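Hi,

Here is the structure I promised to pass on. Have a look at it first, and then read my notes underneath.

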Amino acid sequence: MSAVDTQGAAGSSLLASILSDDSFRPAEPRTLEETGLTAALIETLILKILMLLGSASGRSIAEQICLPMGLLEPIYSSLRQRQLIIHSGSAQLNDYNYTLTDQGRARAKTAYDACAYIGAAPVPLEDYVVSVEAQTVRAERPQRRQLQKAFSDISVEPEMLDMLGPAVNSGAGLFLYGAPGNGKTTLAKRITMCFGQHIWIPKVLIEDGQFVKLFDAAYHEPMQATSNSILKTAEHDRRWVKIRRPTVIVGGELTMDALEIRHDARSNVSEASLQLKSNCGCLLIDDFGRQRMEPTELLNRWIVPLENRTDFLTLATGKKIQVPFEQLIIFSTNLQPKDLTDEAFLRRIPYKIEVKDPTREEFHLLFKFTAKQLHCEFRPEVVDDLIDRHYMTSGRPLRRCQPRDLMNQVRNFCVYAGIPMEMRTEHFNRVVPSYFTVVAGD
C-alpha cells in the first residue's frame with residue numbers, strides 16, 4: 001500500500017465515478033411549519049441581516065437565509081405592518097428593497113447582542129438525526145470492486161484489501177498500526193471512498209434555542225453544482241449542503257474539548273464536535289497515543305458511543321442531547337494496540353490491521369508511480385542501486401513514503417541546478433544524506 005496520493009482533478013474524478021444516487025434529499029420547505037422553525041426566529045435573522053447590510057432586497061435576504069422567497073413574503077409583510085422594516089425602493093422581479101426603521105434597528109441590536117449568528121436559517125436537531133439514519137455508513141455494503149476502485153491509484157496488496165473489506169463493511173472501529181511512513185493516513189482517507197455516496201448535512205443546527213455550526217470547510221467538501229444547478233437548487237432545502245462523505249482527521253493536537261460542543265460565550269454561537277462533523281463518514285485519530293491526554297482517557301470517552309451508536313453532548317444551556325454516532329472510527333498508530341489500552345476496549349475495536357513495510361518489488365512500483373507523476377523516465381537499475389547502497393548496507397527499513405519524498409528532493413535539486421529532472425544515481429547520493437538525517441528511526 002502506497003503513501004503516494006494523486007490529488008486534484010484525478011482524485012475528484014475517481015471519487016465522482018464511485019458516487020451513486022441520493023439516499024436522502026432534503027425537500028424544499030413550502031410552509032413555515034415545514035422548516036421546523038418559528039416566525040420569530042426567522043424575523044430576528046432578517047433584522048440582523050438588514051442591520052449588517054443597511055438595505056437589501058427580499059430575494060437577497062432569502063438567499064442568505066436559504067429559505068424560499070414565497071415563504072418569507074408573509075414575514076416581510078408582518079415586519080412592515082409592525083413598522084420594523086420599510087420599503088426603500090423597488091427591486092427586480094416585482095421585489096422590494098428593505099431597510100430598518102429606528103424601532104427595527106433597536107430590535108435588531110437587541111437580537112444581535114443575545115446571539116451574534118447571521119446566516120442560513122438553522123435546521124432542527126431532530127431533522128438532522130433522521131438524515132444521519134438515512135445516510136449512515138452502516139447502510140453501505142462496499143464489495144471488492146468498490147475497494148479496488150477507491151484504491152486504484154495507489155499500491156495496495158490484494159491481501160490488504162481482503163483484510164480491509166470486512167472492516168469497512170462492519171462500520172465498527174478499526175486500528176491501523178505499523179511503522180511511520182507506510183501510508184496509514186492515506187489508507188484511512190481512501191476508506192471513506194469505499195462508501196461511495198455523497199451526503200447532505202445542515203449548515204447549522206438548532207436545539208433548545210442554541211445555534212450549533214455543523215458545516216466546516218476544513219472537513220467538508222461541497223459537491224460541485226451541475227449544469228442544471230438553477231433547476232436543482234429549487235428542488236432541495238438550501239439550508240442543507242451536499243458534500244462528499246467526510247474524512248475528519250485529527251492528530252496529536254486532539255483534546256477532549258474538541259469532542260464536545262464548544263460554545264463561544266461572546267457570540268452565543270456553538271461549534272459542533274468532531275464526532276458530529278464526521279457522521280456518515282470516517283473519523284481518523286492519527287498518531288494515536290501521541291495526544292496530550294492518556295490513551296485510556298480518550299478511549300473511555302468512546303466506549304458507550306461505539307457500543308450504542310449514539311453519543312451524549314451538552315449544550316451551553318446545560319441540556320444533554322442525544323446525537324447519532326454513525327461513522328467508521330479509525331485509530332492510526334505507530335505503536336502496538338495492546339500497549340495503548342486494555343483488552344476490554346480492544347474488543348470494541350474488532351479489526352486490528354498491521355500496515356507492514358513494502359517489499360522490494362513494491363518499492364520499485366512506488367518509484368514508478370512517482371516518476372510518472374513527475375514526468376520523469378523510470379529507471380529500475382537506479383532504484384536497485386539506491387536500495388543496495390543506502391538500505392541493505394545499513395539495515396535501514398523500506399518505507400512507503402520514501403520514494404515520493406526522495407523523488408521530490410531530486411526534483412528540487414534539479415530545478416535549483418537548472419538541469420533536467422532525471423532518476424540518476426548521483427542525484428540520489430546527493431539527497432539521501434540530508435533526508436535520512438532528519439527521519440527518526442532510520
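Below is what I found, starting with the domains and ending with one residue.

Keep in mind that this is a predicted model. The domain assignment splits the chain into domain 1 (38-121), domain 2 (128-354) and domain 3 (360-436).

I spent my time on the place where domain 2 meets domain 3. The C-alpha centres of these two domains are 35 Å apart, and the contact draws on eight residues from domain 2 and eight residues from domain 3. Together the two domains bury about 620 Å², with 43% of that on carbon and sulfur atoms. On the domain 2 side, the residues losing the most area to domain 3 are Ser155, Gly181 and Asn182, which together make up 64% of what that side buries.

What holds for charges and polar groups here? The rule finds zero salt bridges across the interface of domain 2 and domain 3. There are, however, four residue pairs in polar contact between the two domains, counting pairs with both residues at pLDDT 80 or more. Sorted by class, the domain 2 side that touches domain 3 has three nonpolar, three polar and two charged residues.

One residue to click on is Thr333, which sits in strand E16 (residues 328-333). Is Thr333 buried or exposed? Its relative accessibility is 1%, so Thr333 counts as buried, the cut-off being under 20%. Beyond its neighbours within four places in sequence, Thr333 is in contact with Phe175, Leu176, Tyr177, Gly178, Lys184, Phe288 and Leu340.

Cheers

Definitions and conventions: Residues numbered from 1 in each chain as written. Predicted model: local features only at pLDDT ≥ 70, side-chain atom pairs only at ≥ 80, totals over all residues. Heavy atoms only, no water. Domains from an automatic or database assignment. Contact = heavy atoms within 4.5 Å. Buried area = accessible area lost by both parts, 1.4 Å probe. Salt bridge = Lys/Arg side-chain N within 4 Å of Asp/Glu carboxyl O. Polar contact = N/O pair within 3.5 Å; in protein donor to acceptor, adjacent residues only side chain to side chain. Nonpolar A, V, L, I, M, F, W, Y, C, P; charged D, E, K, R; others polar. Helix = DSSP H or I, 4+ residues; strand = E, 2+ residues; numbered from the N terminus. Buried < 20%, exposed > 50% of the residue type's maximum accessible area, 1.4 Å probe, protein only.
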